[in-house]
Amino acid sequence: MSLCLGVGVDLLEKRRLNGWLQRPGVRRRFSAAEIAFAEASGRPEEALASAFAAKEAFYKAACTALGDLPELPSWFWLASLQRLPNGRPQMLVEEPLAGKLKAAGVGQIMLSLTHDRERVLAVVLLLPTGLADDAQVEAEELLLHLMPPGYYPLAEAEAVANEPELLELNMSLVASWLPERLPAAHKGSFGHVLVVGGSKNFHGAVQMAAEAALRGGAGLVTLAAPFEIEPLSPEAMRLPLVSFGGYLSEEALPVLQTHLSGKVLALGMGLGREPATCKLALALAQSLQPRVIDADALFALAAEPVPVPGAILTPHNGEMARLLGEAWTDEAVEAGRLQAVQLCAEKYQAVTVLKGYRTLICEPPEQSRAAGCSQRIFVNTTGNPGMATGGSGDVLAGLAAAWLAQGLPDWQAAALAVYLHGLAGDLAAAALSPYALTATDIIRFLPQAYLQLMAAKE
């Protein structure tokens, strides 16, 4: 028995198809189900591009199995792209073409779809009836080998509606997220951030995170750090903790747990990497309240990877490489930033912020599927090289925690904080130059950044 009765491959440029779709009557060439799915996906042009590529690949495979098919349009539109309940793509073939394929011994249509930013690729195999299990596996391997370099098949349970959606963070979008402050509001209306970090050699990181949470708009901020570290501002409250050799340890966990209820946690800034400190960080990282996990807490999490749903992770390239495992390096992360942020969000089930030029913010795929929407990946448009300075990431962690405390969902809190952080940095660089910029300058220019957002909102 032949392993494969027909093979079809189609590579389609989305840009060319999008222009063609605007022509009168073209959309009538798609089935009602294909049109409905495309409209529901929120990305109709891309969904229809997938359908068209699948039809083309199927037609080529059918010609292999049956010989050249006459009257291309009438045969071509007898096949349509459908989605199983789990999102897996399949071809639905109508009569009389379905009968002809059955008579030719075709028992299964194997379809794979994949995308990059510019193209969609469809591969179709027509398999014979009664294919043994080992032959089925061999056919699936053949499907992979037919993928050109740089392409890989989508996860079988991933529908077009749940494919990643790259969104640009810009002023108008972020300003629309800025919630109104009602006249009757009080400090409890804007949440309470508990900032946990600091060690004998790193006082400033946790202090700047607490200061950023204050300037970010949190109603209350408590600095939980070794007793020798005090807040920069009198507005921040203080929870002094006993340290051993200048580092926090598991001994601080019971005290912290009594203060976690009802608060947002910002964890890791300047915390240190002592074994006992890492145990404390890992325990707090797995707590249930909204939290931002940064710096040394990311180091602890990478050493013992566990899912942390509901958290925001804020790694730079080196931290991301540790989070993803030994196969990754700083250079590999930089070369594959989009793939890295997606893998991290999926691995840890947490919103992930990959810091750097054009910072990426990615929500975990499970979260977007639960919400019935595309996976959101934001690309930031603010920021400048002057922000590549010690403490800048600590400021971002405090800002993200402030917006979690003010009630925004995790993905939105992370994206707003990233944009605002970059905008304040741009304003600081314009006033002070990118050469003289420090992390505390970013905090100092936050009020001006907020004023710009408020003006854009109006």
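This is a short dialogue on reading a helix and two buried side chains in a predicted model.

Visitor: What should I know before starting?

Guide: The model is predicted: local features need pLDDT of at least 70, side-chain atom pairs count only at pLDDT 80 or more, and totals for chains, interfaces and linings use all residues. Residues are numbered from 1 along each chain as its sequence is written, and side-chain values use heavy atoms, leaving out hydrogens and water.

Visitor: What span should helix H3 have?

Guide: Helices (H or I, at least four residues) and strands (E, at least two) are DSSP runs, numbered from the N terminus. The expected span is 1.5 Å times one less than the number of residues. H3 covers residues 44–66, so its 23 residues should span 33 Å. Its end C-alpha atoms are 32 Å apart, which agrees. Gly67 follows H3, with a positive phi near 90 degrees.

Visitor: Is Asn384 buried or exposed?

Guide: Buried means under 20% relative accessible area, exposed over 50%, partly exposed in between (1.4 Å probe, protein chains only). Asn384 has 19%, so it is buried. Asn384 sits in the loop between strand E15 (376–380) and helix H16 (392–405).

Visitor: Which backbone atom does the side chain of Asn384 reach at 2.8 Å?

Guide: A polar contact is a pair of N or O atoms within 3.5 Å; within protein, one must be able to donate a hydrogen and the other to accept it, and residues adjacent in sequence count only if both atoms are side-chain atoms. Here the partner is the backbone nitrogen of Gly386. The backbone oxygen of Gly425 lies 3.1 Å from a polar atom of the Asn384 side chain.

Visitor: Where is Gln375 found?

Guide: In the loop between helix H15 (365–371) and E15. Gln375 is at 4% relative accessibility, so it counts as buried. Its side chain reaches the backbone oxygen of Glu363 at 2.8 Å.
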